[in-house]
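Subject: Structure for you to look at

Hi,

Here is the structure I promised to pass on. Please open it alongside this note, and I will take you through what turned up.

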Amino acid sequence: MKKSAFINLMVGTVGGLLFALGMCMCLLPEWNAFNIGVVCTAVGAAVLLIQGIVAWARSGRKVRINWKLTGKILFGVFGALVLGVGMCMIMVWKLMLPGIAVGIVGILLLLMLIPMFLGLK
């Protein structure tokens, strides 16, 4: 493994952990750490954004937008958000049955990504 790839891996891991920990701090009222969680999440997102920009700049590739891939990524983000709303309905808003239904729809949307990327044979 190249030294630059290892550093990229470590910075990405730290950024992801900061982002995830900050989100937990924001979303778990038992921790009473909402303000610190927002800061931690913002720092994690900034680290990940800077890491992505630096990795892209070091690669020396031109920017070409692949609209099919962009659509697939947006579909995956939408599916993850639907699944997350279902989880929030269950855990935060105490709406068990509607939350399960929305969560199942989110899981089905995410499962649809498999044939989108791999195709059917």
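Before the helix pairs, a word on how their geometry is described: axes are lines fitted to C-alpha atoms, for helices over the stretch in contact, and angles run from 0 to 180 degrees between N-to-C directions. Please also keep in mind that this is a predicted model.

**Helix 1 and helix 2**

Helix 1 covers residues 3–27 and helix 2 covers residues 34–59; their axes are 7 Å apart, and the packing angle is about 155°. Angles over 145 degrees count as roughly antiparallel, and helix 1 and helix 2 are therefore roughly antiparallel to each other. The crossing of helix 1 past helix 2 is left-handed. Sorted by type, the residues of this contact between helix 1 and helix 2 come to 15 nonpolar, 10 polar and 1 charged.

In the loop between helix 1 and helix 2 you will find N32. Its backbone may catch your eye: N32 is not a glycine, yet has a positive phi of about 50°. N32 counts as exposed because its relative accessibility is 71%, with the cut-off for exposed set at over 50%.

**Helix 3 and helix 4**

What angle do helix 3 and helix 4 make where they pack? For helix 3 (residues 67–91) and helix 4 (residues 96–111) the angle is about 160°, and the axes lie 7 Å apart. Helix 3 and helix 4 are therefore roughly antiparallel to each other. Helix 3 passes helix 4 in a crossing that is left-handed.

On the helix 3 side, the residues making this contact include F75, F78, A80 and M89, while those from helix 4 include M96, P98, I100 and L110. By type, the contact of helix 3 with helix 4 splits into 16 nonpolar and 6 polar residues, with no charged ones.

The loop between helix 3 and helix 4 holds K94. K94 is a residue other than glycine with a positive phi, near 60°. The relative accessible area of K94 is 65%, so K94 is exposed.

**The cysteines**

How many disulfides does a search of the whole structure find? The search finds 0. A disulfide is a covalent bond between the sulfur atoms of two cysteines. The cut-off used for such a pair is a sulfur separation within 2.5 Å. The closest cysteine sulfur to that of C26 is in C40, at 8.4 Å, and therefore too far for a bond. Likewise, C40 is in no disulfide, its nearest cysteine sulfur being that of C26.

Are these cysteines buried or exposed? C26 has a relative accessible area of 19% and is buried, since buried means under 20%. C40 is buried as well, with a relative accessible area of 13%.

**Before helix 1**

Finally, K2 sits in the segment before helix 1. With a relative accessible area of 63%, K2 is exposed. If you want a pair to check in your viewer, try K2 and A80: C-alpha to C-alpha they are 33 Å apart in space, and in sequence they are 78 residues apart. A80 is also one of the helix 3 residues in the contact with helix 4.

Happy browsing, and do write back with any questions.

Best wishes

Key:
Residues numbered from 1 in each chain as written. Predicted model: local features only at pLDDT ≥ 70, side-chain atom pairs only at ≥ 80, totals over all residues. Heavy atoms only, no water. Helix = DSSP H or I, 4+ residues; strand = E, 2+ residues; numbered from the N terminus. Parallel < 35°, antiparallel > 145°, perpendicular 65-115°, else oblique. Left-handed = near helix turned anticlockwise from the far one by under 90°. Contact = heavy atoms within 4.5 Å. Nonpolar A, V, L, I, M, F, W, Y, C, P; charged D, E, K, R; others polar. Buried < 20%, exposed > 50% of the residue type's maximum accessible area, 1.4 Å probe, protein only.
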